[in-house]
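Me: I'd like to learn how to read a model like this one. Could you walk me through it, feature by feature?

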Amino acid sequence: MTRLKVAWWRLAAAVVVLTSAAGPARAEEASYRLKVVIPKPKATTPAPDGEGTPPPADPNLIDPANGMPFVRAVIGGRVGLTAKDFLLKQTDAQPPLVIEAMKSVPYQQSDEPMALIVLVQGNFRWMGNETYTDAADPEAGSIYDGAFKGLGPAIDVLGKAGPPGSKASLLVYAEQKVIVKQAMGDAPSLNAGALGGQQDYGEFISKPLALGLTEAWKVLANMPDFRKVLVVFGDGQDDKEDVSADLKKAISDLKEAGVEVYSVFYTNTPEDGPQGQQNMAKVGFTSHLNAQSRDSFASQAGLVVEEINAKYYVDFPGDKVQFDGATHEFVLAVGGEDKEPAQLSLPTVVKPVEEEGSLWWVWLLVIVLLVALVVVIILIRRRQPVEEMPLAPPPVLGPMKTIMLGVGGNEDSLPVVGWVVPLAGPNQFQTFKLMQGATKLGTGGESHVVVGDSFMSTEHAEIVCTAGGFTINDLGSTNGTYVNARRVSSQELVDNDVFKLGKTDFKFKSIN
C-alpha cells in the first residue's frame, strides 16, 4: 500500500472517530418488554407436631397473603421519569383497559440482577508488546502500541454496573478458541487483574470474532433469570476473509436470546479500520462506540454503564387484568406517547377456595329455619279441608293440522333469527342476516359474509342456525376465533355476544 493510501485511510478513520466519540450510537426508539411477576410465597413455619412444614401451595393459585400478580414493563427513558408518566393499555379488552403505574424504579434499584460478559480481542498485534519483546519475532525489539494498557481501567468500571446479585465474566477470543479469564461470578469481583499480563498474549495470532460472540451467547442463553449484557472490545476483524454470514448468525442468536450487546471499536492499524468498524457497528446492535485511543476505554465503559442503568422498571397492578392463560396485546404509554404494541402471555391464576370451618353456625341456623318452615307448612295443610274436584270431561278432538313451531316450541313463539354486525373496519356497522343452516364468514371463497380484514382467513368461521339457537365454529383459521375474548373452536352464541375474527370484532344479535 502506498504512503498516500495509508494517509488517506488514517484521515478517514480519524474523521469517523471524531464524529462518534461523543457517545454511543442508539436505536431510533427505545424498545420495552413486559412480563408477569407472581409474588413468591411467604416462608412457612414448622408444624406444631414437629413433622415438618406443610406442602407448598399450588403456584397457579392466588394467595391473598402473598399479594396479586402484577405486570412489569422494562423500558429505557430520559432521566427524571416517575410512575405518573407511565400508562399500560390492554387494547384487545372490551372496553380497552387502561392501568396506571403503582411504582417505577431505575435499574440499579431494581430486583433483576445482570449477567455481564466482557469479551476482548486477544491477538498479539491488537494487545501490543510494550512491556516485553519476543526474540523469535523477525521484528524483534519493535514495540506495538496495543490496547492492553487501556483495558484494565475499563474492566474495573464495568464490574461496578448492575444491582446487587449481578454476575460477570471475562472472555478473550484468540488462537481459534475462547479463553475464560474469569468464569461467571459475582460482578464486583471482576477487575483488571483478571486480564493477566501483556506477555500472556504474545503467542496469539488469530482473532476469531464470530467464535467469541457464539461462545458468549451460549453462556448468556442459559441464564434466564438475569438481564443479559455483552460488551465487546476489538477492531472488528476476523480470520475469515468473508465473515459476514457468521456474524449475521451470531448476532441473530444473541438477539433471539434477549442479549443486549455494546461494542467498543479500536484499532492501531488505521488501514484496516473502516471494514472492522462496520463489523463492530453490526455487533453492537444495542449501542456502538468508537475509542480514539486506548486511554479512552474507561470513559467509553462509563457510557456503557450509564446506558445499562438508563432503564425503568415500572409495575402495574394486576387486580384489573384477566389472568386467563391467553396471549393479549398491550401498549405502553410514556409521557402521553404510545409505544409500539407488545404481546404478553398471561398465566391462569385462580383464587383459592375459602375455608368454611369458621361459618358452621351460619349453616346450622339455615338448617333450623328450614326445619321450622317445613313444620309450619305441614300444620297449615292439616287444618284445611280437602275439596273433591269434579272430573273434567274428555276433550273433543277436532281435525289434525301441521303447524310451524318457533324457538318456544309452539306456533305463537318467535322465529329463530340472527344478525352479525362488524364493529370496526371497512364494513363497520353493516348488518348481515344469518341464514338457516350454516353461514360462513371470511374474506372470500365460499363465505356468505365477506369482510375486508387481512388477518382473517378466506373461510374463517361459520355460524350454524338450528331450532335450538346459534353456534359458531372455527374453520381451521390461522389466527383463531375468539368469543368474549376467549379463543374457542366451537361455542354457542347468545344475544349481545362479541366475537373476534382476525382484527375485527362482531356483535351478535338474535331473536330466540
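Reply: Sure. Let's begin with surface patches: a patch is made of residues with over 30% relative accessible area and no salt bridge, and nonpolar side chains are joined within 5 Å. Keep in mind that this is a predicted model.

Me: Okay, which residues make the nonpolar surface patch here?

Reply: W360, W361, V362, W363, L364, L365, V366, V368, L369 and L370 do, and together they give a patch of about 1000 Å². Take L364 as one of them: this residue sits in helix α8, which spans residues 360–383. L364 counts as partly exposed because its relative accessibility is 46%, and partly exposed covers the range between 20% and 50%.

Me: Now sheets. In what order do the strands run in the open sheet that contains β9?

Reply: To read a sheet, follow the neighbours from one edge to the other. Here the order is β8-β7-β6-β9-β10-β11, six strands with mixed pairing. The edges are β8 (177–186) and β11 (287–290); each has a single partner strand, so one side of each lacks a neighbour in the sheet. From one strand to the next, the twist averages 15°.

Me: And how does β9 pair with the strands beside it, parallel or antiparallel?

Reply: Parallel on both sides. Strand β6 (residues 114–121) pairs with β9 over seven bridges in the parallel sense, and A115 stands opposite K228 of β9. Six bridges link β9 (residues 227–234) to β10 (residues 260–265), again running parallel. Within that pairing, V231 has Y262 as its bridge partner, and G234 has F265.

Me: How many residues of β9 are buried?

Reply: For burial, look for a relative accessible area under 20%. Eight of the eight residues of β9 are buried, so the strand is largely enclosed by the rest of the structure. You can also sort the strand by side: R227, V229, V231 and F233 point one way, K228, L230, V232 and G234 point the other way, and all are buried.

Me: An arginine in that list catches my eye. What does R227 touch?

Reply: R227 lies in β9 and is buried, with a relative accessible area of 2%. Leaving out residues up to four places away in sequence, R227 touches R33, Y107, E112, P113, M114, A115, E260, Y262, I308, K311 and Y313. Notice Y262 among those contacts: that residue is the bridge partner of V231 in β10.

Me: Let's try another sheet. Which strands are the edges of the one ordered β17-β16-β26-β25-β22-β23?

Reply: That open sheet has six strands and antiparallel pairing. Its edge strands are β17 (432–433) and β23 (486–488), each pairing on one side only. Inside it, three bridges join β22 (residues 481–483) to β25 (residues 498–501), with V483 standing opposite F499.

Me: Last topic, the backbone. Is the peptide bond from Q94 to P95 cis or trans?

Reply: Check omega. Here it is near -5°, and the bond is cis. P95 is in the loop between β3 (86–90) and β4 (97–100).

Me: Where do the residues with positive phi, E175 and N496, sit?

Reply: Phi is the backbone value to check. E175 has phi near 55°, positive for a residue other than glycine, and lies in the loop between β7 (167–174) and β8. N496, also not a glycine, has a positive phi of about 80° and sits in the loop between β24 (490–493) and β25. As for accessibility, E175 is partly exposed at 35%, and N496 is partly exposed at 39%.

Notes:
Residues are numbered from 1 along each chain as its sequence is written. This is a predicted model: local features need pLDDT of at least 70, side-chain atom pairs count only at pLDDT 80 or more; totals for chains, interfaces and linings use all residues. Side-chain values use heavy atoms; hydrogens and water are left out. Two strands pair if DSSP finds at least two bridges between them. Helices (H or I, at least four residues) and strands (E, at least two) are DSSP runs, numbered from the N terminus. Axes are lines fitted to C-alpha atoms, for helices over the stretch in contact, and angles run from 0 to 180 degrees between N-to-C directions. Buried means under 20% relative accessible area, exposed over 50%, partly exposed in between (1.4 Å probe, protein chains only). Contact means heavy atoms within 4.5 Å. Patches are made of residues with over 30% relative accessible area and no salt bridge: like charges are joined within 9 Å, nonpolar side chains (Val, Leu, Ile, Met, Phe, Trp, Tyr) within 5 Å. Accessible areas come from the Shrake-Rupley method with a 1.4 Å probe; for residues, only the protein chains shown count as cover. A salt bridge is a side-chain nitrogen of Lys or Arg within 4 Å of a carboxyl oxygen of Asp or Glu.
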